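Welcome! Here are a few exercises to help you find your way around a new structure. Try each task yourself before you read its solution.

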Amino acid sequence: MFRATLRTGGTLVLVVMGLVGVFLALRAADALRVAGWGFFTTQAWEPDSGNFGIAAILVGTVLIATVAVVLAVPLSLGTALYITEYAPLRARVFLIATVDLMAAIPSVVFGLWGFFFLQGRITEVARWLSINFAWFPPFRVDGVDPDDPLSTTTIYTSSTFIAGVVVALMITPVVTSIMREVFAQAPVGEREGALALGSTKLGVIRSVVLPYGTGGIIGGTMLGLGRALGETIAVYMIISPVFVIQWQVLRNGGSSVSSLIALRYGEATPFGMSALMAAGLALFLMTLVVNFVASSIVARSRSGASS
Amino acid sequence: MTTTEIRETHLVPPGDDATEARRPEARRLVGGTRLADLLGLVGAAVGAVALTALLVTQIFPVASGIAFTVIALGLFVGLYALLVSLDERPVAVRDRVAMVVVHTLAFTVLLTIVFIVTFTFARGLPALVHPNFFVEDMSLAGPLDPLELGGVAHAIMGTLIQITIALAITVPLGLTAAVFLSEIPGPFARFVRTIVEAMTALPSIVAGLFVYATFILALGVEKSGLAAALAISIMMLPIMIRSADVVLRLVPGTLKEAAYALGSSQWRTVWQVVLPTSRSGLTTGVILATARGIGETSPVLLTSGFTASMNLDPTTGPMVSLPLAVFQFVKSPEPTMIARGFGTAAVLMFLVVLLFALARFIGGRTRKER
């Protein structure tokens, strides 16, 4: 009787979870049948005229997540190392609690900050980057005259870059928390051994902590990437949607799958809904792959699947 | 395990019997800061600020506080490396630079996030000081009305109702599933575990889209608090099962074996040994999942819709939650509405912090008992 109840509970969860995946796939099938392989190469999003695809939004999603991860990983690595290696003992407990709490701050709060505080101030940085690093293709912004001191910074607002910065701050606590847990487990014997051989603190970090924590660093980064890919509201508040592949990350306009869904679900026809489902499915599959890779890396590393 | 302890244990002052006999032993400071280190840090900081000021005002003008901070931090690390390299060996220089870089990164992160939180509270303060903000709804207050009118009581109630329904679904179901995973192992349990782990990757907006497409479009249920609660449940369920599964696996096998040896059934063992042993971990898992669920905007946006008035009935009509209310308020260009948005965000954060403190309290208490 008891085992039957448990089995029922497990089956129920399996059914609910499976239903979500199966239902998404079924509903997406309509749209995928119409779009065919063009679904992966079309940039526009006009489902009702049959001209739609996820080329632009998927690239946009990946770009935002890339900016976020590139910024978040060094920040998290530094914070995690500070907490485990440098912070005074008494501050450590407090810092750990703070970082864990930060991981629970709702994303809408980050969106608010990004929109009302960061946006107006970071455009100057974006402009400086675009003028001085124009040789680096993603930083180039066409249609800007670097010699015109009066040119407005409007072209730098609502960009992939700004959305990426906000998402980076959002995922930093999560990534930090995972890295910190792994670093803290680095074997004391090896630390002491390194110190006994006359190693500096940096030496201990480089020869003991980082090699031990490689799995945690990669796993944490991938989990952060998964969160960054799926983030909706913070991105939606900042970005102004465009449906062309926008490689210039500093330039106004970008796109992401989740903000597309939030933008279009209300006015969608049944077929448009199916197209959104297909986009959602693509996003889900992407985060799924990222998560599985992350958990397998963490599980195989020396530090084990503790996180 | 900490490095401070290590330093004290292996750097014992060399014992020299002859000198020890002659004068009282002076404790050698191995940790402390030297004056030169402090001066080096201060000098590098002052130099960096001065150089940055020169750079951004005279050489290539950037009118942005963020740019100033970033350039100053970069210069600070460079100058400090230069200062240390004057009287230290390369190994020590690298060590010091690494120390400064790690501190800089950590303080950047901590200060930025503390700033985000204070920024939200500061901008929301004009709305938060009016008591009516917590007891009235927005049905009588328009965008142009002053902050003395209207409030977010409807969003607070909405959030509480939705999260209560979501918990009523996820706690029994999630715990049963987690107990199933640990008590009846086998190929089927492994399969369920894989699916649950896969579903933790489900983006919250897709959970919302699923409920929107099934309940609202296909079954014709109207947008309601119940639909939102279902969307939140789908999002919370895998998170909760996963954390509960981890905690349940930590229950010592000897305890279970002792229970079985005393002749108790599997049901009694789970109910009186396994669950009480892991109670604090389970509670922490539930509360953390709740904190995630409370802060989600997108599933509620899709499934519940926005309303300005109080709605206590989760089965009919739109029911707004705190994050959704924030999202709607700040869409308006009116300063009072934006202040309300920040105030609502502050209330939401306060709720999350409260839950978190609760989780810490429960989790921390039993760790000491153990």
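**Exercise 1.** How far apart do the C-alpha centres of domain 1 of chain B and domain 2 of chain B lie?

*Solution.* Keep in mind throughout that this is a predicted model. Begin by finding the two parts: in chain B, domain 1 covers 33-127 and domain 2 covers 153-369. Next, take the C-alpha centre of each; the two centres lie 41 Å apart. Then look at where these domains touch: domain 1 of chain B brings seven residues to the contact, and domain 2 of chain B brings seven residues as well. Finally, sort the residues on the domain 1 side of that contact: four are nonpolar, two are polar and one is charged.

**Exercise 2.** Describe the make-up of chain A.

*Solution.* Count the elements to start with: chain A holds ten helices and two strands. Now put them in order from the N terminus, which gives α-β-β-α-α-α-α-α-α-α-α-α. For the dimensions, the C-alpha trace of chain A spans about 75 × 70 × 30 Å along its principal axes. As for burial, 54% of the 307 residues in chain A are buried. One last step concerns contacts in chain A with a separation of 6 or more: 77% of them are between residues 24 or more positions apart.

**Exercise 3.** How many residues does the contact take from chain A and from chain B?

*Solution.* Go through the chains in turn: chain A supplies 72 residues and chain B supplies 84 residues. Then ask which element gives the most on the chain A side. That is helix α1 (residues 2-35) of chain A, with 16 residues. To finish, sort the chain A side by character: 46 residues are nonpolar, 17 are polar and nine are charged.

**Exercise 4.** Which residues have the most contacts inside the largest nonpolar core?

*Solution.* The largest nonpolar core has 195 residues. Those with the most contacts inside it are A68(A), V166(A), V167(A), M277(A) and A279(A), together with L209(B) and V326(B). Check the domains of chain B next: domain 1 (33-127) and domain 2 (153-369) each give at least three residues to this core. Now pick out V326(B) and set aside its neighbours within four places in sequence. What remains in contact with V326(B) is V108(A) and L112(A), along with G341(B), T344(B), A345(B) and L348(B). Another core, of six residues, lies apart from the largest one, and A44(B), A48(B), F76(B) and Y80(B) are among its members.

Conventions:
Residues numbered from 1 in each chain as written. Chains lettered and ligands numbered in written order. Predicted model: local features only at pLDDT ≥ 70, side-chain atom pairs only at ≥ 80, totals over all residues. Domains from an automatic or database assignment. Contact = placed C-beta atoms within 7 Å. Nonpolar A, V, L, I, M, F, W, Y, C, P; charged D, E, K, R; others polar. Core = buried A, V, L, I, M, F, W, Y, C linked by C-beta atoms within 7 Å. Buried ≥ 20, exposed ≤ 12 C-beta atoms within 10 Å, placed from the backbone. Helix = DSSP H or I, 4+ residues; strand = E, 2+ residues; numbered from the N terminus.
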